Amino acid sequence: MVSPLSAILHVLIMSAEFITGITVNGFLIIINCHELIKSRKLTPMQLLFVCIGTSRFGLQIVLMVQSFFSIFFPLLYAVKIYGPVMIFLWMFFSSVSLWFATCLSVFYCLKIAGFTQSYFLWLKFRISKLMPWLLLGSLLASVSIAALCTEVDYPLHVSDILRNTTLKRTELKIKQISEVLLVNLALIFPLAIFVMCTFVLFISLYKHTRRMQKGPHGFSDASTAAHINALRTVITFFCFFISYFAAFMTNITFSVPYRSQNFFVLKFIMAAYPSGHSVIIILSHSKFQQPFRRLLCLKKN
């Protein structure tokens with residue numbers, strides 16, 4: 001059982017993560033939609049930020065509903081949270097968030113990296129036109145993954161598992177873990193692309209730094225800053241996502257006792273992911289920093 005003091009602490013932490021996530025992702029959506037109203041069009045980067053903000057906003061809501069039910073309505077948590085609808089939403093927003101972040105890393109890689117190979121230049125000049133199709137493909141892939149996850153047998157067994165932590169369920173647990181891992185193998189593909197783009201940015205930064213040492217600086221300093229900002233964004237996302245995915249897999253395979261301290265720690269780790277990377281995106285883009293400070297009343301208009 002969770003003591004009243006622990007419950008209050010959990011609620012405070014979850015509320016802080018929820019408010020942060022809603023604020024930063026809502027900001028990404030609103031500031032770019034404002035640009036749409038003003039100029040009647042969105043650049044590929046702005047469209048990408050709207051999609052990222054929307055996916056993280058949805059994931060934050062799903063995670064906070066889960067955490068809220070786990071503390072205040074534990075019996076409903078056992079019945080509803082692992083039902084088909086919630087599993088679909090949870091997996092959809094988790095998957096689409098990764099796919100959209102992968103699209104962002106591809107965009108950074110092509111626009112910032114200074115390679116001159118013909119195939120790289122071909123992609124570099126066409127990525128803006130290809131971006132809407134990449135986002136649509138990400139959406140369809142995420143719907144497919146989420147639909148497959150609803151076929152896992154959690155809704156039939158989760159209530160018994162949550163109510164009886166001593167239940168002998170070795171065979172069932174192994175079966176469920178294998179099914180979840182099999183479905184989530186699909187996420188390895190966008191994650192591999194993400195890692196590859198990060199590696200390419202590292203190589204590009206290394207080569208660019210060596211060129212700087214042999215010649216005048218000038219535009220090189222701006223290029224170095226662009227490389228560093230892009231790497232900071234993609235590396236922090238990678239750290240946040242790996243932490244989220246590890247906590248997610250631990251949580252969904254029931255390896256941690258229900259409503260234990262470790263159970264809530266997993267919830268905190270998962271809830272930090274949708275907001276953490278969006279904060280880095282805002283801090284890494286100068287055009288977002290001033291409006292965001294005004295939003296937080298840190299700077300007068």
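Begin by selecting cysteine 239, which you will find in helix H9, the run of residues 219-252. Keep in mind throughout that this is a predicted model. With a relative accessibility of 44%, cysteine 239 counts as partly exposed, because that label covers the values between 20% and 50%. Now add tyrosine 273 to the selection: cysteine 239 and tyrosine 273 are 34 residues apart along the chain, and their C-alpha atoms are separated by 9.1 Å.

Next, step back and show the whole chain. As a cartoon, the protein chain displays eleven helices and zero strands, so that, read along the sequence, its pattern is α-α-α-α-α-α-α-α-α-α-α. If you colour by accessibility, 47% of the 301 residues of the protein chain count as buried.

With the helices in view, you can bring in an annotation from a record. The unreviewed UniProt entry lists, under "transmembrane region", residues 12-37, 57-79, 85-110, 130-148, 181-206, 234-258 and 264-284. Select residues 85-110 from that list, and the model shows a stretch that is 100% helix and 0% strand, with its end C-alpha atoms 37 Å apart. Then select residues 264-284, another of the listed ranges, where the chain is again 100% helix and 0% strand, and where the end C-alpha atoms are 31 Å apart.

From there, move to leucine 283, which belongs to helix H10, residues 261-284. Leucine 283 has a relative accessible area of 49% and is therefore partly exposed. Adding asparagine 229 to the view gives a pair 54 residues apart along the chain, whose C-alpha atoms are separated by 9.3 Å.

Helix H1, residues 4-39, is the next stop, and there you can select glutamate 35 and lysine 38 together. What joins glutamate 35 and lysine 38? The two form a salt bridge, in which the closest N and O atoms are 3.7 Å apart. Side chains of opposite charge can pair when their charged atoms come close. Both residues lie in H1, three residues apart, which is about one turn of the helix, and the count of salt bridges in the model comes to one. Glutamate 35, at 25% relative accessibility, counts as partly exposed, whereas lysine 38, with a relative accessible area of 58%, is exposed.

Stay in helix H1 and select isoleucine 31. Is isoleucine 31 buried or exposed? At 18% relative accessibility isoleucine 31 counts as buried, because the limit for that label is under 20%. Including lysine 287 in the selection shows two residues that are 256 residues apart in sequence and 9.9 Å apart in space, taken from C-alpha to C-alpha.

Now turn on a surface or pocket display and look for the largest pocket, which has a volume of about 440 Å³. Of the 21 residues that line the largest pocket, the closest to its centre are Val106, Leu110, Leu123, Met196 and Cys197, so these five make a convenient selection for centring the view. Helix H4 (84-112), H5 and helix H8 (188-214) each supply at least two residues of the lining, and H5 gives the most, with eight residues.

Finish on helix H5 itself, residues 118-149, by selecting leucine 140. Leucine 140 has a relative accessible area of 53% and is exposed. Extend the selection to Trp133, Leu136, Leu139 and Val143, and together with Leu140 these residues make a nonpolar surface patch of about 490 Å². The tour thus ends on a helix that supplies eight residues to the lining of the largest pocket and that also holds the exposed leucine 140.

Note on methods. Residues numbered from 1 in each chain as written. Predicted model: local features only at pLDDT ≥ 70, side-chain atom pairs only at ≥ 80, totals over all residues. Heavy atoms only, no water. Patch = residues over 30% accessible without salt bridge, like charges linked within 9 Å, V, L, I, M, F, W, Y side chains within 5 Å. Areas by Shrake-Rupley, 256 points an atom, 1.4 Å probe, with all protein chains shown as cover. Salt bridge = Lys/Arg side-chain N within 4 Å of Asp/Glu carboxyl O. Helix = DSSP H or I, 4+ residues; strand = E, 2+ residues; numbered from the N terminus. Buried < 20%, exposed > 50% of the residue type's maximum accessible area, 1.4 Å probe, protein only. UniProt positions renumbered as here; feature names shortened; annotations may be inferred. 1 Å grid on protein atoms, 1.4 Å probe; cavity = no way out; pocket = protein on both sides within 12 Å on 5 of 7 lines; lining within 4 Å. Points joined across faces, edges and corners; volume = space filled by probe spheres on them.
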